[in-house]
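Visitor: I am new to this structure. Please take me through a single part of it, slowly enough to follow.

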Amino acid sequence: MSPFYKFGYFGDEASFIIAFITGIGFGFFLEKGGFGSGNKLAAQFYFKDLTVFKVMFTAIITAMLGIFFLGAFGLMDISMVYTTDTFMIPQIVGGLLLGLGFVVGGYCPGTSIVSCSIGRIDPIFYVIGIFVGIFIYGEVYPFISGFANSTPMGRITIPEYFNISYGIIVFLVVLMAIGGFIGSEWVEKKYGYKKGDGK
Amino acid sequence: MENEIKKDSKSPKPYWNPYLAGLGLGLVLLASFVIMGRGLGASGAMSSAVAAGVSVVAPGHAMSNEFYKEYLGDGTKNPLKDWLVFEVIGVFVGGFLSGTFSHRIKRSVEKGPQYTDKKRFVFAFVGGILMGFGAKLGRGCTSGQALTGGSMLNLGSWAFMLCVFAGAYAFAYFVRRQWL
Amino acid sequence: MNELVITRMNHLIDPNLHIWGWEVPVYLFFGGLVAGIMIISGYFIVTHKYKAENSALTFLPYLGIILISVGMGSLFLDLEHKLFTWRMYTAFMWKSPMSWGAWILMLVYPILLILSFIKISPMIGALIPGLYKISERINKPNILKALGILSISIGALLGLYTGVLLSAFGARPAWNSAMLWIIFLTSGLSAAAALIHMIAKNKDERELLAKSDNVLLIIEFVLILLYLVGLLTSSQVSNDAAMLLINGKFAAIFWIFVVGIGIIIPLIIQLSAVTHRIKHTSVGPILVLFGGLMLRFIIVAVGQYSHWSSAVLK
């Protein structure tokens, strides 16, 4: 019964080795999709190249469908899977900050590591910036911890919150994603880089 | 003669079809859920690194600060011996392997034509600071919240993800000269 | 008279007393590296490969001298009574690996020095013209062959004695394996092959070293597995020691850094480079060197952590 680690099939040390191997897969596919390039990542937000949306949502619905069906067939105990608690307001503010950081910096933390690994120089400054940003957060945390922990909603999912069944939400998300993909293809055709642009 | 030329040309290979790359990514994510009962992440590893760094330079301060204490525990465990730290090391290796076999390894700077390298570095640094702070508030980054939490249909993660896109699109206009 | 007797069954000593810090693993690494350099130099001499145009033999002996000095410096830092070092050279205790090591290291310097006279690089020759005269006197086939074989032999001794040193320690089950000397020798050779492959100028030498490094990496991997198998099929304490590396305290860093990043990833990169699927890159050799260093660090650490008390305490 999965998740295997939560049922004690192997210990912590082995889990670190699995972390390493999983990371290799993660970094590999990120780079294959072109996420090692800050230009390609930023192009998403100028409607020139919507790879970010396509890759992200394909990954999300793949994993989401996997979890849903494994859970439905009784092969996975979803309640044992770790997921963060929801803190609505801080996460909204954090998301907006992250969006700003994304277009200014050109990466998100994961893709910045990939970009460093293929030799790019700018993500090195970005990673140092992340360390500084986290350090600043740590130092001001005693003063903002009230805000940072406000509106706690615990572990809550969309089906639970809107009181709609899990399966229907999964179906709607897949529909939305497919609609998004069709829309992306249309937008790229209209505004995206043409073949001769050298991108 | 033609074969020799083919062998020598190590021009970068084209990127994979984004849907295929997304599928691969999704399967890795799913495997992580199935095997470990947790998803992927990136910013958490950097937090561990910061906490480890602070605890080395100013241990007393680190232990008395609620935020760092979360990563340091009671002081007996090395904060760097953490699942996400090893995962991020793997991300670096995986990215490098993919880049090597696709001939995309190059020491260059990612930026638009209008900006100098130096200007780009400043922006990258500032962007990183915003990211670091935002990721802590948001309880993760696009890997941890959007990908992992998104596939779990976590409410906060979806709110976070929508805000990331909203924020990025909203501010993109103001930094367009860096990229276009 | 007060007599204090302490056994190892003292929680302050066993298993927490960690006597060897970073200095010893660093020395072991450089020792292995220079051993490999000596063996490769000797090989180039015996097979006349040194005669090629910009053969690495012009700088390898100097590199060897510098690196072994760094290693010995590190070893010196580890000594408790630094001023008594000279005593190591007042006797030869043939039953002590440390004594062997001290005298082997004594031989390493003069051998490397003589090797440096065989092929003088134009730059050094311009500085010290007298070297060319010495070079002429040495460059006779008999002398060269003897030097080459001597270099290979002393290099091999240097490489393997570090393993013998650790494996002679019966009280630390993780070290007490007959495989340790060949693992350290192979690792040192592999590290040297990687380093020279990275910095050599002659294309043939680089190809040869890249290919041999790949073979050495595979051998090293197999040897590590055999080492673990040997420990697992030995006594209970050896079994416990092996389990430390397999799923115990040191498992993650061992498999990820030593085997994964130190052997398997560079093997993949270098195999692809040698078959011309990707350009030759210095990342492979750097990872091999990193892996060799981590191997020494982890073996030294896990050795000190493994102990016999588990047999008694159970």
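Visitor: Look closely at the interface of chain A and chain B: how many residue pairs does the rule find in polar contact across it?

Guide: The rule finds 49 such pairs, both residues at pLDDT 80 or more. A polar contact is a pair of N or O atoms within 3.5 Å; within protein, one must be able to donate a hydrogen and the other to accept it, and residues adjacent in sequence count only if both atoms are side-chain atoms. This is a predicted model, where local features need pLDDT of at least 70, side-chain atom pairs count only at pLDDT 80 or more, and totals for chains, interfaces and linings use all residues. Residues are numbered from 1 along each chain as its sequence is written, chains are lettered from A and ligands numbered from 1 in the order in which they are written, and side-chain values use heavy atoms, leaving out hydrogens and water.

Now the charged pairs. Four salt bridges cross the interface (a side-chain nitrogen of Lys or Arg within 4 Å of a carboxyl oxygen of Asp or Glu). One of them joins E31(A) to R104(B). Their closest N and O atoms are 2.8 Å apart.

Next, the chain A side. Helix 6 of chain A, residues 122-148, gives the most to it, with 21 residues. (Helices are DSSP runs of H or I, at least four residues, numbered from the N terminus.) By type, the side of chain A that touches chain B has 81 nonpolar, 35 polar and twelve charged residues. Here Ala, Val, Leu, Ile, Met, Phe, Trp, Tyr, Cys and Pro count as nonpolar, Asp, Glu, Lys and Arg as charged, and the others, Gly among them, as polar.

Last, the extent. The contact (heavy atoms within 4.5 Å) takes 128 residues from chain A and 114 residues from chain B.

Technical notes:
Helix = DSSP H or I, 4+ residues; strand = E, 2+ residues; numbered from the N terminus.
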